[in-house]
Amino acid sequence: MTSVFDQAKAIGDAVLYEGYLLYPYRASAAKNRVRWQFGVLMPPAYASPDRGEHAQACTEMLLEPGKGAAVHIRLRFLQVQERAVYQRQDDGRYRPVPSLAVGATTFTSWDEAVEREVDAVLPVSELLAGPVEVPVSVEGTEKADEVPGGRLVRRTRPVTGLLRARAEPLGGPYGGVRLRVEVVNTGRWHTEEPCRQDALRRALLAAHLVVAVSSGRFLSLLDPPEWAAPAAKACRNERLWPVLLGEPGRDDAMLASPIILYDYPAVAAESQGELYDGTEIDEILTLRTMTLTDEEKREVRATDERVRTLVDRIDAMPPELLERLHGTVRYLRSVTGEEPAAAPESRTVLVGGTVVPVGARVRLRPGTRRADAQDMFLDGRTATVRAVLSDVDGTTHVAVTVDDDPAAEMQHAQGRYRYFAPEELEPLPEREGSA
């Protein structure tokens, strides 16, 4: 099962660091004073509906286990690590300070994060016999590192929890089981005046699960087989939502994430690394980061080691990698596994009763209901069909480049197109349509 967990790490890391630190990535930014929004399991003393904070999450998924099957459950989460900066005084003692400048380097007091994992391999037969509990325990730590003129002290607080799993047979003649996994923060921390920052230091952050089966298959809750649809609808998921994981078609692993995803989530091939800023577009954040002044970048680098690496990566990014982030379009049919109803062949579109393939030329007749008034200037011009796309509603969109546009080939290389409905196109006669 090792390979599926290796594959899951890239997606899991994106979940772990979703919203970890928001652009402009500086500790002084107001929005970075309220961090850790996804998959936060607080100690019970702080969790309450009034605060919108919870100590527990659970997920249910459908499994058809094979003979002697076992499930491998991996809980992943972040633990807050407080980084405190101390300045050395003339008498040799240290006092805490918000930041310490040493030459070109600045050290800032900040809450970092440490990745944690807890694994359990449980036979399905044991889970059918009753609930199985696996303790989660992370000890508190403290470490001091000397720096010129002071020291950095990193501390973590103890975090305790429970991983609870059980299985029950599905009713009906088809077999299968419902697997339920719960994650609970059991910390006994109490204080008279609790604040969120203190509670976070005893919380499981961005908690999510990777579940793999040694023999058998999981069923998609988003697109279950017809016989399993009622059971899928009855699955209870609170703050964790399971999707199939791995290459499309694979069914031996699930990711239960605090962020709702589709089956078979994947990190875009164009992405050059984590940007941490909660589902923002890589190109936008990269360009924004490029606009930071040298002084702002200095503050960013002082805030967090991960974003120091981020800024260094963007500063060194060659133009060709930046271009890869721009204007990429993917065929939705590769996600759904279905051809659009309006396209009788995979690379064709039906236009006025004529089958028009990708690469053919057409005449543009923009509709009157278009919101962009500039489309009127395209009426009657010829264009080349570059792609046939279908959206989630099954509507067909034809991607084209305008033939007399000097930038047409560059736009095609970057995947930047104009989009028209099939009824807004006229097929050109073969002689007129040939290049």
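## A tour of charged pairs, rings and one buried threonine

Begin by selecting R164, which is partly exposed, with a relative accessible area of 23%. This is a predicted model, and the tour starts at this arginine in order to follow its charged partners. Add E182 to the selection: the two side chains form a salt bridge, with N and O 3.3 Å apart. R164 belongs to strand β10 and E182 to strand β11 (residues 177–185), so the pair ties together parts of the chain that are 18 residues apart in sequence. E182, at 12% relative accessibility, counts as buried.

Now widen the selection to E60, E133, R166, E168, R178 and R180, which are joined with R164 and E182 into one network by salt bridges that share partners. Across the structure as a whole there are 39 salt bridges, and two further ones are worth displaying in turn.

Select E82 and R157 next, where the closest N and O atoms of the salt bridge are 3.2 Å apart. Because E82 lies in strand β2 (residues 70–88) and R157 in the loop between β9 (150–156) and β10 (159–169), this pair ties together parts that are 75 residues apart in sequence. When the surface is switched on, E82 should be found buried, with a relative accessible area of 15%, whereas R157 counts as partly exposed at 27%.

Move then to R26 and E296, whose side chains meet in a salt bridge at 3.7 Å from N to O. This pair links distant parts of the chain, 270 residues apart, with R26 in the loop between α1 (2–16) and β1 (56–65) and E296 in helix α6 (residues 294–303). R26 is buried, at 16% relative accessible area, while E296, at 25%, counts as partly exposed.

Stay with helix α6 and select T303, which is found in that helix. Is T303 buried or exposed? Its relative accessible area is 0%, so T303 counts as buried. A polar atom of the T303 side chain lies 2.8 Å from the backbone oxygen of E299. To see what surrounds T303, show L21, Y25, R26, A27, R83 and W110, which T303 touches when residues up to four places away in sequence are left out of the count; R26, one of these, is the arginine that meets E296 in the salt bridge visited above.

For the aromatic side chains, select Y17, Y20 and W36, which ring pairs link into a cluster; the count of aromatic pairs comes to four. Which charged residues lie over the ring of Y20? The charged end of R35 sits over this ring, 5.1 Å from its centre, and R306 also lies over the face of Y20, at 5.5 Å from the ring centre.

Finally, colour the model by pLDDT. The mean for the protein is 87, and 90% of the residues reach 70 or more. Among the elements of the protein, β11, the strand that holds E182, has the highest mean pLDDT, at 98, and helix α9 (residues 333–336) the lowest, at 45. Select residues 331–346, over which pLDDT stays under 50 and for which the model has 24 contacts beyond four places in sequence. Where pLDDT is low, the predicted coordinates should not be read in detail.

Methods: Residues numbered from 1 in each chain as written. Predicted model: local features only at pLDDT ≥ 70, side-chain atom pairs only at ≥ 80, totals over all residues. Heavy atoms only, no water. Salt bridge = Lys/Arg side-chain N within 4 Å of Asp/Glu carboxyl O. Helix = DSSP H or I, 4+ residues; strand = E, 2+ residues; numbered from the N terminus. Buried < 20%, exposed > 50% of the residue type's maximum accessible area, 1.4 Å probe, protein only. Phe/Tyr/Trp six-rings, centres within 6.5 Å; stacked < 30°, edge-to-face > 60°. Lys NZ or Arg CZ within 6 Å of the ring centre and 35° of its normal. Polar contact = N/O pair within 3.5 Å; in protein donor to acceptor, adjacent residues only side chain to side chain. Contact = heavy atoms within 4.5 Å. pLDDT = per-residue confidence, 0-100.
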